[in-house]
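Trainee: Could we take a close look at one part of this model together? I would like to start with how neighbouring strands are joined.

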Amino acid sequence: MNHAADPRVELRRALERNPGDGFAWILLAEHELDHGDAVAGEAAARRALALRPGHPEALARLGRAQWMQGRRAEAVASLRAAADNAPDHPGIAVWLGHALEDTGEAEPAADAYARAHALAPDEPQIAAYLLAWRRRLCDWRDLDALAAQVREAVNRGTAAVEPFAFLSEDASAAEQLRCARLRAGEIARQTRPLPPAPARNRERLRVGFLSNGFGAHPTGLLTVALFEQLRELDSLDLHLFALNEDDGSPIRRRLHAAAHTLHDVSRQPHARIAQRIREADIDVLFDLRGWGGGGTPEVLAMRPARVQVNWLAYPGTSGAPWIDLVLADGFVLPESMTRDFSENIVRLPRCFQPSDTTRAIHAPPSRTECGLPERDHKGGGVVLCCFNNSYKLNPRSMARAFAVLRDVPGSVLWLLSGPGRADARLRAAAQAQGVDPQRLVFMPKQPHADYMARLQHADLFLDTGPYNAHTTASDALWAGCPVLTRPGETFAARVAGSLNHHLGMQAMNVDSDEAFVARAVSLARDPQALQALRAELAQRRREGGLFDMAGFARDFTDAVQRMASSPNVKE
């Protein structure tokens, strides 16, 4: 594959000859930002603005640089000024939407994406941004048309849309591979790999983990107990490369103690992060972000480690030539899906997803404090729940949940409160399907321990598709709430099913929407059956292997050793 020369070199030379070229400073700012150097990008954007005050392209790069440095309010101000000065520029509207998302201005962000789409209705990348944000806001207007536009572009190979957002579409594993390969191809063409790493000359393996979730984040919550067990086993040298700054959380402190070295590489240019990984002489590097937001695929594309692995955070194929392997299990990634993964596959004998099994579950507040009805002697007051992110609550999944509510009088559906007017839209959708909107109860965002305590009031978790519960399913099971799911034909649609399968509760995996509704209604109407199910879950949680992190650490170590010596690593 051809890799372009770094365009910054020629631009810097040109600016030495002609420092008054404002447009060249804008181009340099763009390339600095693309290389992850927000400080240099900001400096170039400010030079451009000094030469061309108010230039929208320069303001947009300044806003992007401020956004990358976490100065969200400044970024919004710069991008709003850029949009005011170039009201017909769809790209600036998109970046304004990104910045507004991060400042919690959910509905204005949707307006910005809608404005960009109105300006460029045939541009599928912009359609994909609007589609993803409308899913998050449970705003289902034009959903089918937008989804069709995005899927058609992926299948024709005419647009490299974000693979993470594409997981929420009713697409096949083959389409997900196509989507990921398109995005990976863009990055590969712009990235120059490091020279090949020298051969390993020591016996003990050094294992790296790259993530922006090393703290009070789902990734940190899932991995911390495993890292502690790996450190106790002491067969591997553990290096955590944190793309996020220290959040001061107990999880971050535990991660720091468990790792041999925690490298803070937050807000560093891509090349510097890659060099830090190379200097640490990492044998096997796990990408714990993939195509999710806040990741740095450009770093992985530089090939800083000998073997590079997709695991845990991105539930699908990377489609990337720089990722050699994916760590999975036989349920979440069966043989039938192997052809739709660009990576070679290493399977654990247990569920691929670890969990923090050191968590104590505290006593919950009262049902009244949680906004939940009291139970009555007739079995009323059943609490169905789904604490998945709002973008997973699509029309099909919610229609399934509403059908259960209609058939279980007195029950409620407990959901996480979403951004903007998402809650109101879901209540309107319930009313349109014959369900009293007040039977939807919304939980505001809670500290994790408080959320886990409240989970004890939930009787049954109703999963979503095609992107189902992952961390939230693990949380529910740990808190004693059974999870009902319908496994699909993609990795993202099989994670909750894998948890149930490895827990020995295969009966909670059903094969159709009709079976899903029937099983949920049957359980919710039968307090004794529901209690028996919860008792079974408690026993299997204690005695089974799903939450055995010491066993997970041994299996993980074996897998890493196979990875390091595997003849199947891609050249």
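Trainee: How many bridges join strand 5 (residues 307-310) to strand 6, and do the two run parallel or antiparallel?

Mentor: Happy to help! First, a word on what you are looking at. This is a predicted model, in which local features need pLDDT of at least 70 and side-chain atom pairs count only at pLDDT 80 or more, while totals for chains, interfaces and linings use all residues. Residues are numbered from 1 along each chain as its sequence is written, and side-chain values use heavy atoms, with hydrogens and water left out.

Now to your strands. Strand 5 is joined to strand 6 by 2 bridges, and the two run parallel. Two strands pair if DSSP finds at least two bridges between them. Strands (E, at least two residues) and helices (H or I, at least four) are DSSP runs, numbered from the N terminus. You can find one link by eye: Val309 has Leu325 of strand 6 as its bridge partner. In general, strands of a sheet pair through backbone hydrogen bonds, either parallel or antiparallel.

Let's step back to the sheet around them. It is an open sheet of 7 strands in the order 3-2-1-4-5-6-7, with parallel pairing. Strand 3 (261-264) and strand 7 are the edge strands, each pairing on one side only. On average, neighbouring strands here are turned by 25° against each other, direction ignored. Helix 13 (residues 250-258) packs on this sheet, where it touches strand 2 (236-242) and strand 3, and its direction makes about 125° with that of strand 3. Contact means heavy atoms within 4.5 Å. For angles, axes are lines fitted to C-alpha atoms, for helices over the stretch in contact, and the values run from 0 to 180 degrees between N-to-C directions.

There is another open sheet to set beside it. Its 5 strands follow the order 10-9-8-11-12, and the pairing is parallel. Strand 10 (440-443) and strand 12 (483-484) stand at the edges with a single partner strand each, so one side of each has no neighbour in the sheet. Strand 11 (residues 460-462) pairs with strand 12 over 2 bridges, in the parallel sense. Look for Phe461, which stands opposite Val483 in strand 12.

Helices pack here too. Helix 16 (residues 395-407) touches strand 8 (383-386), strand 9 (412-416), strand 10 and strand 11, and its direction makes about 145° with that of strand 9. Helix 21 (residues 513-524) lies across strand 8, strand 11 and strand 12, running at about 160° to strand 11.

Finally, follow the loops that leave some of these strands. Phe341, in the loop between strand 6 (325-329) and strand 7 (344-348), lies 150 residues from Phe491, in the loop between strand 12 and helix 20 (495-503), yet these distant parts of the chain are linked by an aromatic pair. The structure holds 17 aromatic pairs. The pair of Phe341 and Phe491 is tilted, at 6.2 Å centre to centre with 40° between the planes. Rings of Phe, Tyr and Trp (its six-membered ring) pair if their centres lie within 6.5 Å; planes under 30 degrees apart count as stacked, over 60 as edge-to-face and the rest as tilted. So your question about strand 5 and strand 6 has a short reply: 2 bridges, running parallel.
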